[in-house]
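Here are a few exercises to work through with the model open beside you. Try each task on your own, then read the solution step by step.

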Amino acid sequence: MLLLDVLPGMVIGLVASLVLVIYRSSRPHISSLGRVPGAPAAYADMTRHPESAPIPGVLIVRLDAPLYYANALTFRDQVKTLAEQRGDALRAVVFDAETQEELDVTSSEVLVGLIRGLQDKDLAVYLAEAHAPVIAWAKRTELYEMIGDAHVFPTVDAAARVGGRRVR
């Protein structure tokens, strides 16, 4: 503002702020969850809480931000990477949808492709803690049908227990 004037300085500040918000929201943190020792049915991010233990054969992921068109591809790529890191022992993927209040068309299409790819690798896919608007949207698209009613659970623990028992 000292060099240009007040109005151009404010416009530059506003544009810079918007760019920063878009950049940060397009690269959200994705948590790989593990069971917290000594706390029944509690799960935490294994990066932030290394004492948490992964469930054998089960990858539990949570997007720590709303899923929408700007970050859907990043989410897909990171989930694929996490699944590949778990290797051949992986039998199931649980999506913790607790942080999701709604989905958009693009994120739904990306999720459908991701789920299809996981199922093609003979991995079961489970959805846990999904809010009513997410379930309603999923039922209007092919997303819910792909997951299946039997693979939707009210808690992460319930989904992880079923996924952990899955036999190839």
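## Exercise 1: A pair on one helix

Let's start with helix α6 (residues 156-165), which holds both Asp 157 and Arg 161, 4 residues apart or about one turn of the helix. Keep in mind that this is a predicted model.

**Task.** Work out how the side chains of Asp 157 and Arg 161 meet, and whether each residue is buried, partly exposed or exposed.

**Solution.**
- Step 1: The two side chains meet in a salt bridge, at 2.8 Å from N to O. That fits the cut-off, because a salt bridge needs a Lys or Arg side-chain nitrogen within 4 Å of a carboxyl oxygen of Asp or Glu.
- Step 2: Asp 157 has a relative accessible area of 11%, so it counts as buried.
- Step 3: Arg 161 comes out at 43%, so it is partly exposed.
- Step 4: Now bring in Arg 35, which is linked with Asp 157 and Arg 161 in a network of salt bridges.

## Exercise 2: Two further salt bridges

**Task.** A search of the whole structure finds 6 salt bridges. Look up Arg 116 with Glu 142, then Arg 48 with Asp 45, and describe each pair.

**Solution.**
- Step 1: Arg 116 and Glu 142 meet through their side chains at 3.3 Å, N to O. This pair links distant parts of the chain, 26 residues apart: Arg 116 sits in helix α3 (residues 105-120), while Glu 142 is in the loop between α4 and α5 (143-147).
- Step 2: Arg 116 is partly exposed at 39% relative accessible area, and Glu 142 is partly exposed at 44%.
- Step 3: For Arg 48 and Asp 45, the closest N and O atoms are 3.9 Å apart. Arg 48 is exposed at 55%, whereas Asp 45 is buried at 3%.

## Exercise 3: Finding your way round the sheet

**Task.** Trace the order of the strands in the open sheet, then work out why β5 is largely enclosed.

**Solution.**
- Step 1: The sheet has 6 strands in the order β2-β1-β3-β4-β5-β6, with mixed pairing. Its edge strands are β2 (43-45) and β6 (152-153), each pairing on one side only.
- Step 2: β5 pairs in the parallel sense with β4, over 5 bridges. Look for Ala 92 opposite Ala 124 in β5.
- Step 3: β5 (residues 124-128) also pairs in the parallel sense with β6, over 2 bridges.
- Step 4: Ala 124, Tyr 126 and Ala 128 point one way from β5, Val 125 and Leu 127 the other, and all are buried.
- Step 5: With 5 of its 5 residues buried, β5 is therefore largely enclosed by the rest of the structure.

Definitions and conventions:
Residues numbered from 1 in each chain as written. Predicted model: local features only at pLDDT ≥ 70, side-chain atom pairs only at ≥ 80, totals over all residues. Heavy atoms only, no water. Pairing = 2+ DSSP bridges. Buried < 20%, exposed > 50% of the residue type's maximum accessible area, 1.4 Å probe, protein only.
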